[in-house]
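Reader: Could you pick one part of this model and take me through it closely, the way you'd explain it at the bench? I'd like to know how it sits against the rest of the chain.

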Amino acid sequence: MNEKRTPQQLAFILIHYWTPVIEECNWEMQKAWVLMLDETLKRLTPLQFAQVFPITKEYKGHTWGSKDYYTVTDWIGENVGWSNKIPNGIEFLLEYLNINVQLTAVRIMNILGKLHQRQTGRNMLIDFLKS
């Protein structure tokens with residue numbers, strides 16, 4: 001039986017179930033996961049995404065100079081809009097505040113670092129620090 005999943009369901013599966021195990025998978029699977037996650041998020045609005053992964057209710061970001069509920073909602077309002085489709089899924093994940101989403105963003109950065117290393121032979125962090 002073939003079930004058709006909604007983008008919200010697919011985002012949940014890709015983040016909740018695949019993030020913890022993706023680095024144990026082969027290189028082709030890791031690349032496919034990043035691309036599928038990015039394409040899935042582009043089919044969602046921030047409002048739909050927040051229904052699945054609510055923004056963490058932390059409010060002291062201004063005091064500590066860190067990300068909090070208000071900085072995330074302001075970023076979404078200024079850069080995407082709550083009712084517009086997410087234009088860049090990876091960037092969106094990097095700006096979002098939710099422990100599951102943040103872990104996913106770290107995994108994606110690890111995979112992108114491996115891709116950079118394979119393409120250039122250099123470490124992405126070292127290249128970033130040099131620039």
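Author: Of the contacts in the protein with a separation of 6 or more, 64% come from residues 24 or more positions apart, where contact means heavy atoms within 4.5 Å. Keep in mind that this is a predicted model, where local features need pLDDT of at least 70, side-chain atom pairs count only at pLDDT 80 or more, and totals for chains, interfaces and linings use all residues. Residues are numbered from 1 along each chain as its sequence is written, and side-chain values use heavy atoms, with hydrogens and water left out.

pLDDT is the predictor's confidence in each residue, from 0 to 100. The protein averages 90, and 95% of the residues score at least 70. Helix 3 (residues 46-52) has the highest mean, 97, and helix 4 (residues 61-64) the lowest, 67. Where pLDDT is low, don't read the predicted coordinates in detail.

The protein has eight helices and zero strands; both are DSSP runs numbered from the N terminus, with helices being H or I of at least four residues and strands E of at least two. Let's zoom in on helix 5, residues 69-79. At its N-terminal end, Asp68 acts as the cap, with a side-chain oxygen 3.1 Å from the backbone nitrogen of Tyr70. That pairing is a polar contact: N or O atoms within 3.5 Å, where, within protein, one must be able to donate a hydrogen and the other to accept it, and residues adjacent in sequence count only if both atoms are side-chain atoms.

Now for the inward-facing part. Val72, Thr73, Trp75 and Ile76 of helix 5 are buried, meaning under 20% relative accessible area (over 50% is exposed, in between is partly exposed; 1.4 Å probe, protein chains only). These residues sit on the same side of helix 5, because they cover an arc of only 160° around the axis, with the arc taken from the directions from the helix axis to the C-beta atoms. The general rule is that an α-helix has 3.6 residues a turn, so residues three or four places apart point the same way. Helix 3 and helix 6 (89-95) are among what covers the buried residues of helix 5.

Take Thr73 as one of them: its relative accessible area is 14%, so Thr73 counts as buried. Apart from neighbours within four places in sequence, Thr73 is in contact with Ile55 and Trp82. Just after helix 5, Gly81 takes a positive phi of about 95°.

For contrast, look at Leu125 in helix 8 (residues 124-130): with 52% relative accessibility, Leu125 is exposed.
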